[in-house]
Amino acid sequence: MRPYHPYTPDQSDLLPVSLAQAIPPEDPVHAIRTVLPRLDLRLIHAAYQSERGRPPFHPEAMVGLLLYGACCGIYSSRKLAQACGDRLTFMYITGRARPDFHTIAHFRKRFRPVLQDLFRQVLELCREAGLVRLGHVSLDGTKVRANASKHKAMTYERMLLRREALEAEIARWFEEAERQDAAEDTEHGPGDDGFGLPPELREPAKRLAKLQEAQERLEREARERAAAAGQEPAPAAVSPKAQTNFTDPESRIMHTPDGFQQCYNAQAAVDAASQVIVACEVSQAPTDVQRLRPMLARMVALHGRAPEELSADAGYPSEANFAALEEAGVYAVIAMRRYHRDEPPDADPAPVHSTNRWPHRNRMRERLFTPEGKARYKLRKQTVEPVFGQIKAARSFRQFLCRGLAAVEAEWALVCTAHNLLKLANAGRTA
């Protein structure tokens with residue numbers, strides 16, 4: 001009979017097995033375990049010191065659990081809690097701690113600002129390792145679906161019609177309730193309790209309250225926009241096509257490859273030399289053109305200077321953006337919407353007098369036709385697009401779990417932090 005490898009699943013080891021030695025050395029859990037003591041978690045420690053009761057889980061264990069979960073594409077609190085008991089690597093990063101999903105979700109919500117700041121701290125470690133050079137940076141945005149359905153959105157015009165219908169329906173139910181009360185008083189006497197709302201009325205009343213809240217939100221946003229523009233709006237100065245979502249009011253309908261979806265616009269600036277994300281943000285803007293200057297400001301705030309070069313696709317060109325890049329001393333190559341590979345620079349159908357009106361735009365168009373400009377722009381596709389592919393495909397991040405702009409900003413920062421940790425771990429192995 002052919003021999004087999006020994007198979008003794010119930011046999012115990014004479015000496016305890018070290019989890020660190022049982023995990024392959026190339027697993028990123030080792031890099032995260034090395035980085036955790038270098039992170040500034042003093043705010044979490046201070047919050048725990050002022051509490052009484054049962055001892056909490058160690059902050060390094062909880063932070064390591066969230067970071068390693070993001071590296072593995074696990075974001076749900078329930079799945080993270082399950083992994084703490086099922087997977088060897090999660091047992092190692094938590095020190096065999098077994099937090100339940102309530103504890104994980106509460107920790108992520110309570111210490112959201114600290115977790116968001118981890119992006120800056122890990123970025124500093126990448127800079128110390130020589131992974132952040134800011135020679136050439138590529139900027140791009142990707143639409144990430146919100147934790148809300150587009151079918152839960154409604155236009156202001158439809159709200160007004162639906163509100164009238166609901167108010168009429170509720171009025172009919174009140175009339176019916178009064179009629180039934182009168183009939184019951186006649187039959188049973190005036191002491192019978194017949195003044196409660198019938199079950200059929202409760203749901204329309206709830207929907208009406210939701211509609212009123214959404215209508216007031218759209219009107220408030222219209223007044224804020226008018227005030228920012230120095231105008232005095234009328235009480236109902238809201239576009240009939242303006243939409244809001246009942247599940248996540250801060251998300252927006254955006255165009256994606258899968259059609260129009262309820263999304264947020266997630267931005268990332270990536271260093272071409274290492275594919276490290278050097279700046280990130282989440283916004284409600286459906287288009288990218290509004291996000292170039294805020295992202296440039298973020299890079300300056302995080303690194304103390306602007307990148308030497310910046311490339312971006314055709315979603316970012318504007319005269320104001322080009323002027324801001326030139327003022328910051330950044331050599332930019334940004335695709336123009338009417339730019340074609342075989343089109344000569346003087347084929348722009350714009351009027352001749354636009355040369356003086358759009359000087360930065362015309363200089364950018366000329367730069368794109370130079371051999372140097374074409375070579376620098378080619379870096380964009382091999383820099384930022386693979387990063388989005390790794391985040392969305394390899395680590396399965398295609399939809400936010402949280403709701404609200406502040407919450408999804410922290411969630412996106414954690415995802416980008418995990419990406420940079422993996423780059424840092426890979427650099428350590430190849431060094």
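**A walk through charges and helices**

Start by selecting K423, which sits in helix α17 (residues 405–430); helices here are DSSP runs of H or I with at least four residues, numbered from the N terminus. Before you go on, note that this is a predicted model, where local features need pLDDT of at least 70, side-chain atom pairs count only at pLDDT 80 or more, and totals for chains, interfaces and linings use all residues. Residues are numbered from 1 along each chain as its sequence is written, and side-chain values use heavy atoms, with hydrogens and water left out.

Stay on K423. Is it buried or exposed? K423 is buried (under 20% relative accessible area, with over 50% being exposed and anything in between partly exposed; 1.4 Å probe, protein chains only). K423 has no salt bridge, meaning a side-chain nitrogen of Lys or Arg within 4 Å of a carboxyl oxygen of Asp or Glu. The nearest side chain of opposite charge is D271, 11 Å away; Lys and Arg count as positive, Asp and Glu as negative, and His and the chain ends are not counted. Now show the residues K423 touches: leaving aside those up to four places away in sequence, they are L131, S274, Q275, V276 and Q390. Contact means heavy atoms within 4.5 Å.

Salt bridges next: the whole structure has 12 of them. Pick R33 and E60, whose side chains pair at 3.9 Å, N to O. R33 belongs to helix α2 (residues 29–35) and E60 to helix α4 (residues 59–71), so this pair, 27 residues apart, links distant parts of the chain. R33 is partly exposed, at 32% relative accessible area.

Jump to E128 and R38, which form a salt bridge at 2.9 Å, N to O. E128 is in helix α8 (residues 112–128), while R38 is in the loop between α2 and α3 (42–49), 90 residues apart. E128 is exposed at 58%, and R38 also counts as exposed, at 55%.

Stay in α8 and select E124 and R120, another salt bridge at 2.9 Å, N to O. They are 4 residues apart, so about one helical turn separates them. Add D117 and you have a network of salt bridges linking D117, R120 and E124.

Last stop: helix α11 (residues 292–303) and helix α12 (residues 319–327). Their axes come within 9 Å and cross at roughly 20° (lines fitted to C-alpha atoms over the stretch in contact, with angles from 0 to 180 degrees between N-to-C directions). The two helices are therefore roughly parallel, a label for angles under 35 degrees. Highlight L292, R293 and L296 of α11 against A320, N321, A324 and L325 of α12 to see the contact.

Definitions and conventions
Angles under 35 degrees count as roughly parallel, over 145 as roughly antiparallel, 65 to 115 as roughly perpendicular and the rest as oblique.
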